Amino acid sequence: MSVSFTVDGQLLKSSKGESLLVALTKAGIRVPSLCHSPGLTPGGHCRLCLVELEGRGLVAACHTYVDDGLKVRTETPKIRKVRKSTLELLLAEHPLDCLKCAKSGSCRLQEVASYIGVQPQASSVSDLDSDAGQDFSNPFFTRDPKRCVLCGICVRTCREKVGASAIDFAGSGAQLTVSPGGHESITESRCLSCGECVERCPTGALIKREAEIPAKEVKSVCTFCGVGCSIYLGVRGNEVVSVRGDDRSPVNEGLLCVKGRFGFPFIHSPERLTTPLIRKDGQLVPASWTEALDLVATKLIQYKGDQFAAISSSRCTNEENYLMQKFARAVMQTNNVDNCARLCHAPTVAGLSKAFGHGGGTNPLKDLDETGCIFVIGSNSTDAHPVAGNRIRTAAKNVPLIVADPRRIDLCDQADIWLQLRPGTDVALLMGMAKVILDEGLEDTDFIASRCEGFDEFRSAVEAFDLGTASSLTGVPAEQIAAAARLYASSGRSMIVYSLGITEHSHGTDNVLAIANLAMLTGNVGRPGAGVMPMRGQNNVQGACDMGCIPASLPGSQPITKPDVREKFEQAWSTKLPELEGLTVVEMLQAAEKRSVKAFYIMGMDVAFSVADGKRTRKALEAAEFVIVQDIFLTGTAKLADVVLPAASFAEKDGTFTNLERRLQRARQAIEPVGDSWPDWKILCELARRIGASGFDFSAPSEIMAEMTRLTPSFAGMSFERLERADGLQWPCTGAQDPGTARLHVERFNTSSGKGRLAALKYRPAAEKTDREYPILLTTGRTIYHFHLAMTSQVPGLMELDGEEFIRLHPDDAKHLRILDYEEVRVISRRGELRVRALVTNAVMPGNAFMSFHFYETPTNDLTQQDVLDPVSKTPEFKVTAVRIEKVQQP
Amino acid sequence: MKLPEQERHLETLLTQLRPEHRDQTSPSDLLRLFRSIRERFGSVPPQAVPAIARHLGIPGIPESQVYSAVTFYPELSEKGPSRDRLERELERNFQVLSPGDPVLWSGAPDFPGQTRRVLARCGVLDPLDFSAFCTAGSYRALQRARKMSPEQVIQLIDSSGLRGRGGAGFSTARKWRTARESSAERKFLVCNAAEGDLGAWMDRAILEGDPHLVFEGMAIAAHAIGATRGYVYLRSEYSHLVPFLERVLKQVRESGVLGDGFELGIFLAAGAYVCGEETALLNSMEGKAGRPRMRPPFPAQEGLWGMPTVVNNVKTLAQVPLIVQHGAEWFSSVGTKSSRGTAILCLGGDIQEPGVVEVPMGAPLIDVINTIGKGARGGKKIKAVQSGGPLGGFIPASELGIPVSFESFAAAGSPLGSGGLIIISEDRCMVRLARDFSTFAREESCGHCAPCRLGTESIAEVLQMICSGRGTEHDFEMLESLGEMLSSASFCAFGQGAPAVALSALKHFRSEFEEHIHQKRCSAGVCFPASIASIEGCAK
């Protein structure tokens, strides 16, 4: 609703509910303020944004709201006098050694002081001992309480935007400070080092350690997870010197996590590969591009057909992934092309495709703000997808949150119900909830009748999961299962958020189907605030699958086995295509053991340390005759290669990435490729040409996308040109006028019948079982400070915050094993062993343990197994590994 | 953390606290938990708070909030002892009652010149004799109110013209109606007994003398707004009343007079003056630091836990049963046009007969002082009357003829406030008084906004300089501009009122300031040369 009011005699219009400060600022009228920050609730701390309201006197514009007929004056003698008094007092307790302060020039206090016109006389704060009281504990930023004006922006940012509430005001009156919860240093607190408060601090109280002012900014996309935060890379010369969140992005609204804000120094790491390497006499030695590419071309000609396998990269762009599968299929004549989704969300693609008809998340992230209930299962979102996790955390202040996780993850602190289920019992939990919903008549009968099929079979399958059974299988008290079911079913609009805790099982596809069941049963699909959100792990894992780096499908999930589809591509690519589905990642490796796959082309994936059962994986790679690794670092996998091709990072090339909302966003070249590295697409084109293939004469990624969209109906409406203008486009986007699809399945499902398919599931226990020899059940996952291995380990600050693997185990188990906190232990599984230090914590349940997988020194995946895979998606059971933990006897 | 010797005990205590609480503990238990830690160990060392917070793990309270709250409240923080010393010193100096002193009933036993309505049974019946109170009419108004519709009750209160007795004088019926009209599923009623003005202890006197009248008023208000839960928010210095009030409440509960739909409890505050402000009060009940909230929304719209909450002063609620019982007309049969009914005042300071009194609104102030209070102690002349507490002001001797009412006190430049009156005799130094009140304001500023956090400190500093003989001509301008800043730019009523006492002293007694600054002389003989450095020296 629009209201009009006068400001200094000028008539202004604004919308109701807006504060005067915001309305005036929008109208280009300057109102000085220290404690206002866009998007935060008003603080009312600094009292500098005073305006005079006729009939009311002075008011703070930040928490006075526009209304019809208001008469506002922004400058009167009284306003001048009063705000000057306040500012003088603020300056009297602020150090005035501005030239020593890194904020000088961009300091809001300076700016306000010059606007209000105060000549500071003298400060009570001595500038002699400028380090006193500072907190240097965080590698990325410094806290200097002396320069704090107690505006509370940091406190509100941490509470309202990040949801961590690591800092708050402490004390009262003149002794008021901002404290990290009473801890001596910020790193001891719950601070997640995201730096959002640093970004918003108006003074030098929070300062980035390494802050260079960029000469220009280039809009791109963060590559540290599937959320796909929009960023601006700040560039000076040929160097990325800064990163900031794009506050106009619907994905992240300006927010970034610690990796997104501080993790990009990897781009300029001295460890970057700058030249091709060729193995000579067992050693990798530098070579020219010509030499390396000629060698690769000559070799690959010998391995055409199914003895070749390509592993594409979910860190590379859509265009590069498109080229990789085209290379495998059209040039190498095999469908043996896969990507790392095989190790994470392949069950999502399989399960959601089967149930809904599309393998992607159904809703945009912003729906988390308008849902009525959030159910997070098998997703440590605040660590693995921090910006989405923050959104969950802040949304959960107003709506119920259910968390199902064997570990007490951070979200549990805010959960209304925490279901601490035994690893691998998800189907029992979800079907148990479904039974409660049906027994209590909480299902959406209209939705089931009009939109779903398979209900009768589903209904009878559910009967096996009475509360007693569900409770005894999962270890979750029956009343909690029932309460969660009721909460989820009766909110009106519920969202399910899940991740690898659901998929990385020998029954991962079943788990996904159980989630889809629950959503369909309650009609929570296809509406704002109601849907299913898989949290995709790598920045372009959605895209790599969409682009056809899948042994069974061409771009846009078009099945390779369908003759008409094949024909279309054969015509476009002027070549015959292999008809049979190819091998998945693990199958490729197992085929290499049997010498049926002889050559690997691995682009941007650290296969040797990411695939389950690392030792076996490395043996398989060693067994292959020829291995090409294309990467930005000499990864553990690259070290095993015959030829290493140096790739350019995302900052050095153009392209698109698809986030977990199915949103394609543009990455733009910010700097020239580092050293003699090349963009992956260029390497692929060059190689194909050397092998003598046609159809690889691309001079820019936009041309690659143009070919892809011509062949892929669900992307037909997309182009670089359109993406240039929009904040991304969500597929399906079938025509130039199609705005893209924010929510899937609004009116019909994408299945052949148009109906959602309810799955009659049975409970299957995990394949890996504990026994007397291996009594502890190990689960694995990410921590907030790392992505996987090679990239974040190149960032000293991230290594300082989290530089070592720990095995987290429960105090009861630690006591039983006589293991002390921080003691080094040996962790042994049926496949391998390693040494790490122990962290004793209540966050894991008794009998369980947890490790991340971020360190080469302690290759966690040497412990996991690849013997039993999910039968549908061929994903290994990463989340369930039986181990034994032993004390290391000191010599 | 290192707590030599105590560490193990603390561990034990935390373990005791934990199992029964952890999952059921609500944020509002925070103050109680920390109070029990403090009671056991004498203090809560701030460096131990993070560990305690982590250990308690109260759902919904981040560790930083625990630290924020614990360091905020004088009763829990290290600031407590020095703040308490200051308050006791001021009470001694001003010759007003301390919270622990027995209540005085001015004019007892026959109370000449008073109109005892609210106080009718105070000091007359034994508050632990429940049946005596029932015989005398307690809870009959509640029965009557329950037979009326909530809207009828609100209508009745509206027509009586009852205004809040806590200081702001806001229409009680309007607050109730706002809460009534909300469709929220839960609503709360809070009786504000965070009586913190120096020398004001009317609320305590009523709670001690006739708690039933307050409980009954609360039950009627709850019926009117649709609240199911009520709390008496009790000033922490009145903690000694808790066992007594709990005993009375037990009798009340057992008798069943409150009915099934309304539960009553006591919430003990933690020593912050600003928590008398209703939004700060609500924050403290939620286990947060007691800093005022942004308004709107007003508590009657979104209060405790975001639910509509009516916060009424003890004296306001105590009027409610009388209005229901005797009618609006009876209520307004005394009083002035816009201040109806009676005023409950507390006479203190340099007065012959101090104590709590109840007089009709409109009674001349001078009569109350002379007739009921028997004039100034020792036959001295009265220089001024301090009203409205630390955010109030002075009424100079020349204006003591004004009637007791919200409007005439406001017109005289010194609000009636909650009704505490400190009589100032000719022996007192007004500069010193201004300094003492300013020091109190500085100590109690919550720090939320810059003008109050920094301005209260500056004012106290300037006045201290003047008292110690180091004042300059420039100080007048300084005080006035700081005063203007505080009153017009502060976030809440506390900061807006914080300079009022000093400015009022300056306005009416400027010559005393000039004498201090120019002649370095204090006619009252209390400032320099002796004991000028610290507040402790201000006792005469």
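Okay, so K208(A) and E199(A): their side chains meet in a salt bridge, N to O at 3.3 Å. This is a predicted model, by the way, so hear every distance I quote in that light. E199(A) comes out at 33% relative accessibility, so we call that one partly exposed.

Let's stay with salt bridges for a bit. Over all chains, the structure holds 93 of them, and I'll just pick a couple more from chain A.

Take E463(A) and K435(A). Their side chains pair up at 3.1 Å, again N to O. Where do the two partners sit? E463(A) is in the loop between helix 14 (455-462) and helix 15 (467-474) of chain A, while K435(A) is in helix 12 (residues 426-439), so this pair ties together parts that are 28 residues apart in sequence. The two ends have their own levels of cover. E463(A) has a relative accessible area of 39%, which makes that residue partly exposed. K435(A), on the other hand, is at 11%, so K435(A) counts as buried.

Next one: R884(A) with E773(A), a salt bridge at 3.7 Å, N to O. Here R884(A) belongs to strand 37 (residues 881-887) of chain A and E773(A) to the loop between strand 31 (756-757) and strand 32 (776-780), so the parts being tied together are 111 residues apart in sequence. Both ends are partly exposed: R884(A) has a relative accessible area of 21%, and E773(A) has 46%. If you're wondering about that 21%, the cut-off for buried is under 20%, so R884(A) falls on the partly exposed side.

Over in chain B there's a network, if you like those. R83(B), D84(B), E87(B), R88(B), E91(B), R235(B), E237(B) and E444(B) are all linked by salt bridges. Worth pulling up on the screen.

Right, one arginine I wanted to show you in more detail: R618(A). You'll find R618(A) in helix 23 (residues 614-623) of chain A. Is that residue buried or exposed? At 16% relative accessibility, R618(A) counts as buried. And what does the side chain of R618(A) do for polar partners? One is the side chain of D862(A), in polar contact at 2.9 Å. There's also the backbone oxygen of A608(A), 3.2 Å from a polar atom of the R618(A) side chain. If you skip the neighbours within four places in sequence, the contacts of R618(A) are A608(A), F609(A), L640(A) and D862(A).

Helix 23 shows up again when we look at helix 21 of chain A, residues 585-593. Helix 21 is mostly covered, with 7 of its 9 residues buried. Those are V585(A), V586(A), M588(A), L589(A), Q590(A), A591(A) and A592(A). So what covers them? The cover includes strand 15 (308-311), strand 16 (337-338), strand 25 (599-603), helix 22 (607-610) and, yes, helix 23. After helix 21 comes R595(A), with a positive phi near 65°.

There's a helix in chain B to set beside that one. Helix 11 of chain B, residues 211-225, is mostly covered too, with 15 of its 15 residues buried. From first C-alpha to last, helix 11 reaches 21 Å, close to the 21 Å you'd expect at 1.5 Å a residue. Just after helix 11, G226(B) takes a positive phi of about 90°.

Last topic: how the two chains meet. On the contact count, 38 residues of chain A touch 34 residues of chain B. The chains bury about 3,000 Å² between them, and 57% of that is on carbon and sulfur atoms. Which three residues supply more of chain A's buried area than any other three? R47(A), L89(A) and S172(A), with 17% of what chain A buries against chain B.

As for specific interactions across the interface, there are 2 salt bridges between chain A and chain B. One salt bridge joins the side chains of K81(A) and E484(B), at 2.7 Å, N to O. We also get 14 residue pairs in polar contact between the chains, both residues at pLDDT 80 or more. On the chain A side, helix 2 (77-92) and strand 7 (168-170) each supply at least two residues, and helix 2 gives the most, with 7. And the make-up of the chain A side? It's 15 nonpolar, 15 polar and 8 charged.

That's my tour. Over to you for comments.

Key:
Residues are numbered from 1 along each chain as its sequence is written. Chains are lettered from A and ligands numbered from 1 in the order in which they are written. This is a predicted model: local features need pLDDT of at least 70, side-chain atom pairs count only at pLDDT 80 or more; totals for chains, interfaces and linings use all residues. Side-chain values use heavy atoms; hydrogens and water are left out. Contact means heavy atoms within 4.5 Å. Buried area is the accessible area (1.4 Å probe) that two parts lose on being put together, summed over both. A salt bridge is a side-chain nitrogen of Lys or Arg within 4 Å of a carboxyl oxygen of Asp or Glu. A polar contact is a pair of N or O atoms within 3.5 Å; within protein, one must be able to donate a hydrogen and the other to accept it, and residues adjacent in sequence count only if both atoms are side-chain atoms. Helices (H or I, at least four residues) and strands (E, at least two) are DSSP runs, numbered from the N terminus. Ala, Val, Leu, Ile, Met, Phe, Trp, Tyr, Cys and Pro count as nonpolar, Asp, Glu, Lys and Arg as charged, and the others, Gly among them, as polar. Buried means under 20% relative accessible area, exposed over 50%, partly exposed in between (1.4 Å probe, protein chains only). The expected span of a helix is 1.5 Å times one less than its number of residues.
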